[in-house]
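Me: I'm new to this structure and I'd like a close look at a single part of it. Could you take me through the largest pocket and the parts of the chain around it?

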Amino acid sequence: MKERIGYVAWVVGVAQFFVVQGIVESAWARPAYSWARNNISDLGNVHCGLRTWPESRYICSPEHGLMNGSFIALGVLLVVGFVLTGGAGGAGGGVLWRGGRVAVSAWMLLVSGGAGFVLVGLAPTDVHKGLHVVGAALIMGSGNVGLVLAGFGLADRVPRPLRRVTGLLGVVALLAFGLFLSGHYLGLGMGGMERVAAYPFLFWAAALGVRGCALRAGRTRAAVAEAGAGRARAGAGPSGG
């Protein structure tokens, strides 16, 4: 049950984030919000006005409170998911992790990435830029390094293709983070490159959460069926006499 709650936390956290993002985008004042031109966290800016860092753009997000609440909820649910699925001592040979230093390091870095979303929501860019930058660095720096290590630290029961994709997602996201910091957007725009750096972490958590929920549901059905079959066999056994 504890593991299932962890998987559900990941799925719910990521799902609510993208739903809320769409709602907040729809309330954006003109000019229209752009995934290429705007940062993700522009949606959480408290004040309207022209911003010049890292690129010049006008920001006005009437539903900034909803977006910042979603950032916080996402971070909390990601961390809760890691705690509930991480095994004893955090990645100590639990359902998802094989144990050992690599797994523990991956687990801790991913947890810090989740905490980064909380910090981003608590410190909008135009309110406390320094803390916001730290939160973003935890997401796209620590979180993505954690993904790379998770490719080696996930347990053998996790399919090998999924482990390989995990590491690959981390590498791609880290490269995108470097390009984003250096101002090389490769035609995707500032916001587009930022999303390539930030979203793999979320897609991975959601995919693992969906897989975990499906596996747990399958095991529960199998256990119920086995219990029913056992009762049926007991009822059909020979009577004493």
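Reply: Here is a walk through the pocket, starting with the chain as a whole.

Keep in mind that this is a predicted model. The protein chain has 6 helices and 2 strands, and from the N terminus on they come in the order α-β-β-α-α-α-α-α. Of its 241 residues, 44% count as buried. If you take the contacts between residues at least 6 apart in sequence, 67% of them join residues at least 24 apart. As for the outside, the chain exposes about 11300 Å², and 69% of that comes from carbon and sulfur atoms.

Now for the pocket. The largest one holds about 500 Å³ of space. Its lining is made up of 31 residues, and the ones nearest the centre are Trp 53, His 132, Ala 136, Phe 180 and Glu 194. Which elements give two or more residues to that lining? They are β2 (57-59), α3 (101-122), α4 (129-153), α5 (160-182) and α6 (189-235). Helix α4 supplies the largest share, with 7 residues. Sorted by class, the lining has 18 nonpolar, 7 polar and 6 charged residues.

Since α4 gives so much of the lining, let's pick out one residue from that helix: Asn 144. Is Asn 144 buried or exposed? It's buried, because its relative accessible area is 0%, and the cut-off for buried is under 20%. Skipping its neighbours within four places in sequence, Asn 144 is in contact with Ile 139, Gly 170, Ala 173, Leu 174, Ala 197 and Phe 201. Two of those contacts, Gly 170 and Ala 173, show up again as buried residues in α5.

That brings us to α5, another contributor to the lining. Its 23 residues should span 33 Å at 1.5 Å a residue, and the end C-alpha atoms sit 34 Å apart, so the two figures agree. The buried residues in α5 are Leu 162, Arg 163, Thr 166, Gly 167, Gly 170, Ala 173, Ala 176, Phe 177 and Phe 180. You've met Phe 180 already, as one of the residues nearest the pocket centre. After α5 comes Gly 183, with a positive phi near 80°.

A few other places help fill in the picture. Asn 45 is in the loop between α1 (2-26) and β1 (49-51). With 2% relative accessibility, Asn 45 counts as buried. Its contacts, again leaving aside neighbours within four places in sequence, are Arg 51, Ile 59, Ser 61, His 64, Thr 125 and Asp 126. Ile 59 falls within β2, one of the elements that give two or more residues to the pocket lining.

Helix α2 (residues 64-85) has 22 residues and reaches 32 Å from first C-alpha to last, close to the expected 32 Å. Its buried residues include Met 67, Phe 71, Leu 74, Leu 78 and Phe 82.

Finally, look at Val 11 in helix α1. Val 11 is partly exposed, at 27% relative accessible area. Its C-alpha is 8.5 Å from that of Leu 208, although the two are 197 residues apart along the chain. Val 11 also touches Ala 206, Gly 209 and Val 210, not counting residues up to four places away in sequence.

Conventions
Residues numbered from 1 in each chain as written. Predicted model: local features only at pLDDT ≥ 70, side-chain atom pairs only at ≥ 80, totals over all residues. Heavy atoms only, no water. 1 Å grid on protein atoms, 1.4 Å probe; cavity = no way out; pocket = protein on both sides within 12 Å on 5 of 7 lines; lining within 4 Å. Points joined across faces, edges and corners; volume = space filled by probe spheres on them. Helix = DSSP H or I, 4+ residues; strand = E, 2+ residues; numbered from the N terminus. Nonpolar A, V, L, I, M, F, W, Y, C, P; charged D, E, K, R; others polar. Expected span 1.5 Å × (residues − 1). Buried < 20%, exposed > 50% of the residue type's maximum accessible area, 1.4 Å probe, protein only. Contact = heavy atoms within 4.5 Å. Areas by Shrake-Rupley, 256 points an atom, 1.4 Å probe, with all protein chains shown as cover.
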